[in-house]
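Dear colleague,

Please find below the structure that I am handing over to you. My notes on it follow, arranged by topic.

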Amino acid sequence: MLLLVLSITGCSVTPPRQVAIASAHPLATAAGFEILQKGGNVYDAAVAVSAALAVVEPSGSGLGGGGFWLLHRESDGLDIMVDGREKAPLAASKDMFVADPISSLNGALAAGIPGMPAALVHLSTQYGNLSLAESLQPAIRYAQQGFKVDVRHQKLLAFRQSVLQQDAETAAIFLAKGKIPTLEHLLKQADLAETLRQLAEHGQAGFYQGIVADKLVQAVQQGGGIWSLEDLEKYQIVERKPVMGSYKGVQITSAALPSSGGIVLIEALNILENIDLESVDKLTRKHLIVEALRRAYHDRALYLGDSDFIEVPVARLLNKQYAQGLASTIRDDKALPSAYLTGQTAAKIGGRNTTHFSIIDNQGNRVAATLSVNYPFGAGMVASGTGVLLNNEMDDFVSAQNTGNGYGLVGGDANAIAPEKRMLSSMTPTFLQVDGKVAVLGTPGGSRIISMVLLAALDFAAGNSPESWLQLQRFHHQYMPDQILYEKEGLTEAEITGLQALGHQLKQSYHYGNMQAVQLDQGDLSAVSDHRGVGWASVQQIND
């Protein structure tokens, strides 16, 4: 009898299921919790959050875009990356944007074949508890009933207003008689709701075949693009092994190719592992981080691309001895000009959007997902009758040798355009783990994503909280253009003067990034949404 009582008592103290979610929009976070309360797991919640963001944050992601979903399943220790990156159409060619570079940013030719819908189906069927139709319900409701636009939405509309005005269908959905809508404006997307219903009812065939596919291809071709029905029918999700590394005892799991994020992040941290950042002053510490980033981004430009198409020396780039050699070239009293590495010319920097969300439960199951349509509102064109805003991810390829893309990133043949190739990305969904603590984080920000995650990883390694990681002032270097980009108030006047004295060029930017982070620390959950955005982070008990 005593044994029975102990057994019952043990069962009674089993901790209730708790989940932490941080996303870039309150309605997306709410969608995740809605699905969890219906019996979904963290992967069902990821489907709901992804689809909701496609509706309520169209500047950052959508059914016409793609992304990377980094998953961990605690029951068997599975770590996997679901690659939903866009692909170049079959009719794409290496020099297709040379004569008209702006067409890689605006209009139908800029759009790669979307991966988001296929990824939602894959996540639901392979990892979820609920049906895809159940997990898509919040997004369908938001699209049908509408939601009020916010200040961030208005700002990003203003950034792309002139492009959005050029397409009647796009302007009718997102603008109010050609102007930026007010904060009271209710954004309804009936066509998008119907496309989501088709996906919910028919799975992948509901988007990549049938009536939706017909409308997509017709709209793209009429807009001067090169999609075909075969492009859509051939699209498939790829599951990839994440890249893994360590930094002073912290285990790092991050995005694999065709994202450069994990490789560049770990390479830069490997370099910094050879340097005692705690023994130098704040100015020198920033200088040394910049020098590590310069070298890691240099390798990005030289070697990285879609590993299904080219041989990439991943093992060497992640090798700690290789990093030790790079670290030996860093001086603490002088910057090394990027031209000394290869002599390539500087490129213009611009662009700034994508989205991220993080989820973890108190068992350790987790998802870090970074999603994108590239520039705010992608190519600035909605495929008529679908509500699907097209991406402009073709700009993430290198269209001309050593010419920067919209984010100023340079590269060579490794990231050249080829049919069915996936363009190189900087998205960096990441897990960090040490001594009973697990962090899940990521951010939008184009080429600056990796440096933001690196700064947060260093702060995590120092034992600081998620609130601290997101409060950090941000600075960035990406090899070319050869300058430190820093957000407003990101450097003090003394630091600016000191870095210039070391030989650095500097440029101030706006406040950038929108990091979403959650953490499991010895069973306790926390969630934080970047104060630079309008997102919502919460920890809630789930009633099973």
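I begin with a loop. Pro481 is found in the loop that connects β15 (475-476) with β16 (484-487). The peptide bond between Met480 and Pro481 is cis, with an omega of about -5°. Please bear in mind throughout that this is a predicted model.

A second cis peptide bond is the one between Leu257 and Pro258, where omega is about 15°. Pro258, too, belongs to a loop, namely that between β8 (250-254) and α12 (261-272). These bonds deserve a mention because most peptide bonds are trans.

Backbone phi angles

Two residues in the loop between β10 (366-372) and β11 (382-383) call for attention. Asn374 is placed in this loop, and its phi is positive, at about 80°, although Asn374 is not a glycine. Phe377 lies in the loop between β10 and β11 as well; its phi, near 60°, is likewise positive in a residue other than glycine. Such values are worth noting because most residues other than glycine have a negative phi. Are these residues buried or exposed? Asn374 has a relative accessible area of 2% and is therefore buried, the cut-off being under 20%. Phe377, with a relative accessible area of 0%, is buried also.

Nonpolar cores

The largest nonpolar core comprises 84 residues, and those with the most contacts inside it are Val55, Trp69, Leu71, Leu136, Phe357, Ile359 and Val367. Helix α3 (residues 42-56) is the element that gives the most to this core, contributing 12 residues. A second core, separate from that one, has 80 residues, among them Leu277, Ala368, Leu424 and Phe475. In soluble globular proteins, nonpolar side chains tend to be buried together.

Leu136 may serve as an example from the largest core. Leaving aside residues up to four places away in sequence, Leu136 touches Val47, Ala51, Leu120, Leu196, Leu199 and Ala200.

Surroundings of Met452

Met452 is located in helix α16 (residues 449-461). Its relative accessibility is 2%, so Met452 counts as buried. Which residues does Met452 touch, not counting those up to four places away in sequence? They are Thr443, Pro444, Gly445, Arg474, Tyr512, Gly513 and Met515. Between Met452 and Lys488 there are 15 Å from C-alpha to C-alpha, and the two are 36 residues apart in sequence.

Cavities and pockets

The structure contains 6 cavities of 30 Å³ or more. The second largest cavity encloses about 80 Å³ of space. It is lined by 13 residues, of which Ala54, Gly62, Leu63, Gly387 and Leu389 are the closest to its centre. Sorted by class, this lining of the second largest cavity consists of 8 nonpolar and 5 polar residues, with no charged ones.

The second largest pocket holds about 400 Å³ of space. Its lining is made up of 16 residues, and the closest to the centre of the pocket are Arg152, Leu156, Tyr510, His511 and Arg532. By class, the lining of the second largest pocket has 6 nonpolar, 5 polar and 5 charged residues.

With kind regards

Note on methods: Residues are numbered from 1 along each chain as its sequence is written. This is a predicted model: local features need pLDDT of at least 70, side-chain atom pairs count only at pLDDT 80 or more; totals for chains, interfaces and linings use all residues. Side-chain values use heavy atoms; hydrogens and water are left out. A nonpolar core is a set of buried Ala, Val, Leu, Ile, Met, Phe, Trp, Tyr and Cys residues joined through side-chain atoms within 4.5 Å. Buried means under 20% relative accessible area, exposed over 50%, partly exposed in between (1.4 Å probe, protein chains only). Helices (H or I, at least four residues) and strands (E, at least two) are DSSP runs, numbered from the N terminus. Contact means heavy atoms within 4.5 Å. On a 1 Å grid over the protein atoms alone, a cavity is a set of points where a 1.4 Å probe fits but cannot get out, and a pocket is an open set with protein on both sides within 12 Å along at least five of seven lines; lining residues have an atom within 4 Å of a point. Grid points are joined across faces, edges and corners, and a volume is the space filled by probe spheres set on the points. Ala, Val, Leu, Ile, Met, Phe, Trp, Tyr, Cys and Pro count as nonpolar, Asp, Glu, Lys and Arg as charged, and the others, Gly among them, as polar.
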